[in-house]
Amino acid sequence: MKSKKKGTAAVLHIQNFHLIDLTMNLICCVTMLLGIYVRQAENAQCFSEFSLSTGICSDLLGEAEVDDCCMNPNYGYTESDGDCKSCRRAAWSEWSPWSKCTVSCKEGVRQRQRKCYGIGVCLDPEDLGTVQTESCAERDCCPEEGGWSEWGSWQPCSVTCENGIKKRQRTCSNPPPQCGASCKGPAEETADCDIEIVCPIHGGWSNWGSWGPCQGTCANEGREPPTHVRSRTCTNPPPSTVPRGRDCEGSDKDSRSCTGLPFCQIDGNWGSWSEPTPCSVTCGIGRQTQRRTCDSPEPKYGGRYCHGSAQKSSVCNTRTPCPINGVWTEWEPWGPCKPPSMRKITCQTRLGTRRRVRSCEGRAFNGNPCDGEIVDHGDCYDIKGCIMKGVLSEWSRWSYCKPNCGPNSTQIREKVCVPDISGYSVRNMKIFSGNPLFLCEDVEDEREIRECKNLPEC
């Protein structure tokens, strides 16, 4: 489906980049205010690990105030609602892997998600949202079952005397299956067959019976251990009389010495708890441990081991905030394009230079500064105020499906009027600086819309 929007004979497009710059600066200021570390006075369950990929807290330290727990930005905590929260500044998780296609054949959709974890609000300047949906096709065709041929002839009986089985087969070829399908039902059929000749039956041993009991429950040092016996019978099957089958070979009795008998047992008992170990961390919340030994007395000769745990731990609080490393803000907008010499570059194909800056924020308690440069320099072409011809752009990439569920989801792509930069050696509009005036004569913006199929229900 296409829609076109006709312009006037001469339409003057003025892109107000200055308004965009002011809007982005306002968003950065609001984000800095929302990202301020919020101290709370409520008790919570404090964990030493928080996973940005799953949003799950692990390694429970114990109960502590939220502000004490969050002295370490790598920690997480849960409150009365049971949800795990991160102590770090708000940040997006990685996008999850794409889900499976909603249908196994022909066209459907697949989705991926991300979440915002931490204190504050995650910025979304590109409006990516938390869910992305795109079209997919696992295979171009759907399986169609085949049909069976007629049964073949019966094969010979499987034995030379008495009863056996015979087989016959058929093929999945009438018609053949399509697109990886098969035929329903078995490809082979079996039936009983009787040769009408009696077979001799040879005797077979039954399974050994259980070992009989040993004399005594404790072993006496220096003496031979007692024995126990088991038996079996020639009944699995018994030998036939006519025709005569062979008897079982070997003995029907078996004996052995009793092994593994314990000495008479002594049950163990715990000793005293040790002094607590030093706190496991030097900042924030950690744990300290106490241990005890099963040696008052220790168990001997199979005696019961001490009941309970040999170790216990408790929460310790260093009252010292942990270092928080600095985090780069987004790059500020590029500054004006300036000439490298006295030669004019505005509306020319000569390169100029420009710069942009960013800030390292959030560093506290002797954390590491941000890694990298605070200033970035780049080449540019100055087209501020230049009158340029307008041309139609290439098709944009198909957008993500919106909405992400339900029957009426669509995606779009567009061609729009843009400045003609064919006189320059580059095709990337990002290297151009300033707001040009470009005239769109008989240029029609174009848009295509297509349906997204087989989305999940809302």
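**Loops, rings and a four-stranded sheet**

Proline 403 has its place in the loop between strand E21 (387-392) and strand E22 (410-415), and this loop makes a convenient point of entry into what is a predicted model. The peptide bond that leads from lysine 402 into proline 403 is cis, with omega near -5°. A cis bond is also found from serine 296 to proline 297, where omega is likewise near -5°, and proline 297 lies in the loop between strand E15 (285-291) and strand E16 (311-317). As background to these two sites, most peptide bonds are trans, and most residues other than glycine have a negative phi.

The second part of that background leads to two further residues. Glutamate 162, which is not a glycine, has a positive phi, near 60°, and is found in the loop between strand E10 (131-137) and strand E11 (163-169). With a relative accessible area of 31%, glutamate 162 is partly exposed. Asparagine 454 also has a positive phi, of about 60°, although it is not a glycine; its position is in the segment after strand E26 (445-451). Asparagine 454 counts as partly exposed, at 38% relative accessibility.

From the backbone the path turns to the aromatic side chains. How many aromatic pairs does a search of the whole structure find? The search finds five. One of them is formed by tyrosine 381 and tyrosine 424, an edge-to-face pair whose ring centres are 4.8 Å apart and whose planes stand at 65° to each other. Tyrosine 381 lies in strand E20 (residues 375-382), whereas tyrosine 424 lies in the loop between strand E23 (417-419) and strand E24 (432-433), so the pair ties together parts that are 43 residues apart in sequence. Both tyrosine 381 and tyrosine 424 are buried. Tyrosine 424 also forms an edge-to-face pair with phenylalanine 432, at 4.9 Å centre to centre and with 90° between the planes. Phenylalanine 432 is buried, as is tyrosine 424. Taken together, Tyr381, Tyr424 and Phe432 form one aromatic cluster.

Rings also take part in contacts with charged side chains. Arginine 397 places its charged end over the ring of tyrosine 400, at 5.4 Å from the centre of that ring. Over the face of tryptophan 395 lies arginine 413, 4.5 Å from the ring centre.

The last stop is a sheet. Strands of a sheet pair through backbone hydrogen bonds, either parallel or antiparallel. Which order do the four strands of the open sheet follow? The order is E4-E3-E5-E6, and the pairing is antiparallel. Strand E4 (57-65) and strand E6 (84-86) are the edge strands, each of them pairing on one side only. From one strand to the next, the twist averages 35°. At the E6 edge the pairing can be followed residue by residue: strand E5 (residues 76-78) and E6 run antiparallel and are joined by three bridges, and glycine 76 stands opposite serine 86 in E6.

Methods:
Residues numbered from 1 in each chain as written. Predicted model: local features only at pLDDT ≥ 70, side-chain atom pairs only at ≥ 80, totals over all residues. Heavy atoms only, no water. Pairing = 2+ DSSP bridges. Helix = DSSP H or I, 4+ residues; strand = E, 2+ residues; numbered from the N terminus. Axes fitted to C-alpha atoms, helices over the stretch in contact; angles between N-to-C directions. Phe/Tyr/Trp six-rings, centres within 6.5 Å; stacked < 30°, edge-to-face > 60°. Buried < 20%, exposed > 50% of the residue type's maximum accessible area, 1.4 Å probe, protein only. Lys NZ or Arg CZ within 6 Å of the ring centre and 35° of its normal.
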